[in-house]
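User: I should like to understand the terms that are used to describe a protein structure. Please show me the structure and explain what stands behind each term.

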Amino acid sequence: MACEYCEIIEGKRPAAKVYEDDKVVCILAEKPAAAGHVIVIPKIHKPIFEMLPDDIAAHAFWIANKVSIALFESVKAQGTNIITQNGLPAGQEIPHFSINVIARRQGDGLLFEWLPKKLSQEDMAKVEMQVKQELEKTETTNTMRPATTTEKDQIKGKDSEKQENKEKKEEQEEKDKEESYLIRQLRRMP
Amino acid sequence: MGNEGPTKEELEKMSPEQIKEYEEQNCLFCHIVKGKVTSQKVYEDDVCIGILDINPSNPGHVLIIPKKHYTIMPMIKEEEYSKIIITAKKISTAILRAVKAEGINMFIANGQVAGQKSPHTMIHLIPRREGDHITAFDLPKNKIEPEDQDKLRRLIRRKMNELFGIEEKEEKTGTRSPSETNTTKPEPQKNNSPEDKKKADLDRISKIFKG
């Protein structure tokens with residue numbers, strides 16, 4: 001099954017591009033949330049944020065910041081929202097990680113707000129402990145992960161079936177280490 | 001400063017540094033960073049902290065707060081910002097595992113109109129699961145006419161080129177430039193500068209998306 005974003009990156013599918021470099025491409029959303037809705041797409045195909053190499057993740061968000069400034073200055077945005085949808089329940093529709101940058105204006109009818117849930121002190125303490133424990137585990141096993149040679153080649157556009165298969169194998173290995181439940185969810189996507 | 005805070009006149013006379021200092025002295029999140037106000041901290045490094053939101057949308061809702069006081073994300077320099085994003089990735093992964101979430105929304109609000117509640121910028125990491133009844137991140141999908149889409153594309157692309165010092169030849173669609181293209185309503189031509197036309201276009205396009 002072809003990835004819509006990969007097709008755009010490879011030039012096989014038209015899109016309204018507003019910026020491109022060796023690591024990301026920025027396009028206008030086909031069905032935008034507002035007048036000025038840009039999607040920042042890393043050229044490397046990873047379904048979720050947590051699987052991106054650190055340098056690509058940082059660069060994509062840096063570009064999202066620049067897009068924010070561009071929206072302020074070019075389409076009279078009075079504010080911007082940066083939103084990612086990681087995983088099906090978070091609203092992800094395309095299994096290729098991307099960042100939404102949305103121009104906001106007074107009275108635009110958009111409301112990105114949630115109802116707070118009241119958790120007991122006990123539950124809050126439990127969550128605090130669980131998150132801290134997981135962070136302590138990652139501190140010892142995973143430090144800064146820059147793009148591997150395979151990933152760098154893919155970014156440069158030397159994409160070939162061999163690369164894809166190698167990457168699939170790496171992804172499979174990562175899957176075993178990363179949150180497999182989340183990835184299983186993503187694989188159920190049509 | 002007295003307990004009532006500076007008057008409007010006093011604020012106007014303050015230098016940018018003084019204003020910044022005043023903001024920081026009165027910023028709840030600066031107090032949290034400095035440990036003057038308690039919080040449930042799950043992470044700390046030299047550029048930011050991670051705390052549990054006291055009014056979470058879901059268990060495991062974490063705020064990543066830069067230690068320095070910045071009003072909006074675009075104010076942060078690249079090196080510091082990159083560190084914060086890499087931290088966000090680390091914490092996001094930890095939250096997914098800790099609360100067995102099925103997804104995560106990252107949310108940043110730049111500006112009051114975008115839902116920014118505090119003058120200290122931050123990143124929200126919100127764990128999600130099926131049936132959690134959170135609709136905040138369901139992005140509306142609107143139809144946009146190809147001509148309007150193209151107008152927006154040119155404006156934003158030109159600005160991005162400017163920000164990155166990219167030189168690109170201005171494209172022309174057919175025989176008309178964007179400022180001359182007329183789609184639905186013919187506008188009075190007299191005394192309309194390109195800037196006025198651009199503003200009118202943007203106003204018209206923005207109204208399409210309202211409710």
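Analyst: The questions and answers below take up the strands, the helices and two loop residues in turn. This is a predicted model, in which local features need pLDDT of at least 70, side-chain atom pairs count only at pLDDT 80 or more, and totals for chains, interfaces and linings use all residues. Residues are numbered from 1 along each chain as its sequence is written, chains are lettered from A and ligands numbered from 1 in the order in which they are written, and side-chain values use heavy atoms, with hydrogens and water left out.

User: What elements does chain A have, and in what order do they run?

Analyst: Chain A has 6 helices and 5 strands. Helices (H or I, at least four residues) and strands (E, at least two) are DSSP runs, numbered from the N terminus. Read from that end, the elements of chain A follow the pattern α-β-β-β-α-β-β-α-α-α-α.

User: What makes β3(A) and β5(A) a pair?

Analyst: Two strands pair if DSSP finds at least two bridges between them. Strand β3 (residues 37–42) of chain A and β5(A) have 4 bridges in the antiparallel sense, so the definition of a pair is met. Within this pair, A:V38 stands opposite A:V101. On strand β4 (residues 79–86) of chain A, A:I82 has A:V101 as its bridge partner, and 5 antiparallel bridges join β4(A) to β5(A).

User: Why is strand β5 (residues 99–104) of chain A called mostly covered?

Analyst: Buried means under 20% relative accessible area, exposed over 50%, and partly exposed in between (1.4 Å probe, protein chains only). In β5(A), 6 of its 6 residues are buried. In a regular strand the side chains alternate between the two faces of the sheet. Both faces of β5(A) are covered, with A:I99, A:V101 and A:A103 buried on one side and A:N100, A:I102 and A:R104 buried on the other. For chain A as a whole, 55% of the 190 residues count as buried.

User: How do you know which strands lie at the edges of the sheet?

Analyst: The open sheet has 10 strands with antiparallel pairing, in the order β1(A)-β2(A)-β3(A)-β5(A)-β4(A)-β4(B)-β5(B)-β3(B)-β2(B)-β1(B). The edge strands are β1 (17–20) of chain A and β1 of chain B, each of which pairs on one side only. Neighbouring strands of this sheet are turned by 20° against each other on average, direction ignored.

User: Which strands join the two chains within this sheet, and over how many bridges?

Analyst: β4(A) and strand β4 (residues 103–110) of chain B run antiparallel and are joined by 7 bridges. At this junction A:N86 stands opposite B:I104.

User: What joins β1(B) to β2(B)?

Analyst: A hairpin with 3 residues joins these two strands. Strand β1 (residues 41–44) of chain B and strand β2 (residues 48–52) of chain B pair in the antiparallel sense over 3 bridges, and B:Y43 stands opposite B:G50.

User: Why are α2(A) and α5(B) called oblique?

Analyst: Axes are lines fitted to C-alpha atoms, for helices over the stretch in contact, and angles run from 0 to 180 degrees between N-to-C directions. Angles under 35 degrees count as roughly parallel, over 145 as roughly antiparallel, 65 to 115 as roughly perpendicular and the rest as oblique. The axes of helix α2 (residues 54–74) of chain A and α5(B) cross at roughly 120° and come within 9 Å; the two helices are therefore oblique to each other.

User: What kinds of residue make up the contact of α2(A) with α5(B)?

Analyst: Contact means heavy atoms within 4.5 Å. Among the residues that meet are A:I63 and A:L71 in α2(A) and B:L155 and B:F164 in α5(B). By class, this contact has 10 nonpolar, 1 polar and 3 charged residues. Here Ala, Val, Leu, Ile, Met, Phe, Trp, Tyr, Cys and Pro count as nonpolar, Asp, Glu, Lys and Arg as charged, and the others, Gly among them, as polar.

User: What is notable about the phi of B:K100 and of B:H133, and how do you know whether these residues are buried or exposed?

Analyst: Most residues other than glycine have a negative phi. B:K100 has a positive phi of about 50° although it is not a glycine, and B:H133 has a positive phi of about 60°, again without being a glycine. B:K100 is found in the loop between α4 (78–98) and β4 of chain B, and its relative accessible area of 58% makes it exposed. B:H133 lies in the loop between β5 (123–128) and α5 of chain B, and at 76% relative accessibility B:H133 counts as exposed too.
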